[in-house]
Amino acid sequence: MRELINELKDIKLAIFDLDGVIYRGNSLIHNSDNVIKDLKENSVKIVYNSNNSTATRQMYVDRLRNFNIKSEISDFYTSASIAAGEITNLKKSATIFVIGEIGLMEELEMRGHTIVNVDTDCSKVDFVIVGLDSNFNYEKLMFAQNCILQGNAQFYATNVDSTLPVAGGLLPGAGVMVNAVQTCTNQKPVKIFGKPNPFGIIAILKDTDTPPNKAVIFGDRLNTDILAGNRAKIYTVLVLTGVTKKSDVMKTREEFIRFPDIDKDLNPDLIINSLENIFVR
Ligand SMILES: [Mg+2]
């Protein structure tokens, strides 16, 4: 059994971001499957926390199985599942217009909400929830605008990531759709459920009965994963296999010195080139 580095030897729970940490698009990031296996051997519980709301949790289970990583639906906390849980606390059986994909729609429907399309009377819509939607179009935007401005719908967002890392590079992220709705309504989302909101991480700590000082998050983005982790007061590890490059970290470090007002929670506790670096050589 491989031994964990000193910084992580008391850890009981590891929270993994997915895109840019475990895989990039359809490619497994080298050896992340073995790292998960070896962490489990070290009695570390593994969960996954992704801002990507497009896939269902079952789709994530299947995707990881294809990479030889065993997981269960309850191991996943997506911005869609977190949003659906919170919306349900606000209102049971709500009428919702979704700019988003199956991941978000399914999480809402399984909690008893009704998803409507653009032909509906907008005065009946309780919530407009916006996430990444690869079929986003002007018609959906107009309807969302109508629900919010002419109707009584409240505007929520799953996450505001600017980009989505895929195998060949970057695609536009959910933030693009959220900004479109924000621009044409002149309203900000009431709440953005995904990281950097620490809400999901706090829910994970509660569900797994883990104190913050026994938990770590592995993420590839400073302004989502690391910020959320630091806000939830858990140990934060930036992995340079995704969006953030070493030069970005140097730039952020310089900014910490030049602009003392910058959010110190952007600073990870540890930076590693690869997940392999969490084991003693
Ligand atoms: Mg990521």
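# A tour from helix H5 to the open sheet

Begin by selecting helix H5 and looking at the face turned away from its buried side, where the exposed residues Tyr 138 and Glu 139 are carried. The model you have open is a predicted one, and every stop below should be read with that in mind.

Keep H5 selected and extend the view to its full length, residues 138-149: these twelve residues reach 16 Å from the first C-alpha to the last, close to the 16 Å expected at 1.5 Å a residue. Now show the side chains of Lys 140, Phe 143, Ala 144, Cys 147 and Ile 148, which are the buried residues of this helix. They cover an arc of only 130 degrees around the axis, which puts them on the same side of H5. To see what covers these buried residues, add strand S6 (95-99), strand S8 (127-130), strand S9 (154-157) and helix H6 (174-185), which are included in that cover.

Next, select strand S10 (residues 163-166) together with strand S11 (residues 169-172), which pair in the antiparallel sense over four bridges. The two strands form a hairpin with two residues between them, and if you pick Val 166 you will find that its bridge partner in S11 is Gly 169.

From the hairpin, move to the open sheet, and select its six strands in the order S5-S4-S1-S12-S13-S14, where the pairing is parallel. Strand S5 (76-78) and strand S14 (270-272) stand at the edges, and each has a single partner strand, so one side of each is left without a neighbour in the sheet. Looking across the sheet from strand to strand, you can follow a twist that averages 20 degrees from one strand to the next.

Within this sheet, centre the view on strand S1 (residues 13-16), which is joined by four bridges to strand S4 (residues 45-50), the two running parallel. On the S4 side, Ala 14 stands opposite Ile 46, while the bridge partner of Phe 16 is Tyr 48. S1 is also joined to S12 by four bridges, again with the strands running parallel, and in S12 it is Phe 218 that stands opposite Phe 16. Phe 16 can therefore be picked as a link between the two pairings, with Tyr 48 in S4 and Phe 218 in S12 as its partners.

Which way do the side chains of S1 point, and are they buried or exposed? Leu 13 and Ile 15 point one way from the strand, Ala 14 and Phe 16 point the other way, and all of them are buried.

Staying with S12, add helix H8 (residues 222-231), which lies across strand S12 (215-219) and strand S13 (235-239) and runs at about 175 degrees to S12.

Finally, clear the selection and show the whole protein chain, whose secondary structure comes to nine helices and 14 strands. Along its principal axes the C-alpha trace spans about 60 × 45 × 35 Å. For 281 residues a compact globule would have a radius of gyration near 19 Å, and the chain agrees with this, having 19 Å. Colouring by burial would mark 45% of the 281 residues as buried, and of the contacts with a separation of 6 or more, 72% are accounted for by residues 24 or more positions apart.

Terms used: Residues are numbered from 1 along each chain as its sequence is written. This is a predicted model: local features need pLDDT of at least 70, side-chain atom pairs count only at pLDDT 80 or more; totals for chains, interfaces and linings use all residues. The expected span of a helix is 1.5 Å times one less than its number of residues. A residue is buried if 20 or more other C-beta atoms lie within 10 Å of its own, exposed if 12 or fewer, and partly exposed in between; C-beta atoms are placed from the backbone. The arc is that of the directions from the helix axis to the C-beta atoms. Two residues are in contact if their C-beta atoms, placed from the backbone, lie within 7 Å. Two strands pair if DSSP finds at least two bridges between them. Axes are lines fitted to C-alpha atoms, for helices over the stretch in contact, and angles run from 0 to 180 degrees between N-to-C directions. The radius of gyration is taken over C-alpha atoms; the globule rule is 2.2 Å times the number of residues to the power 0.38.
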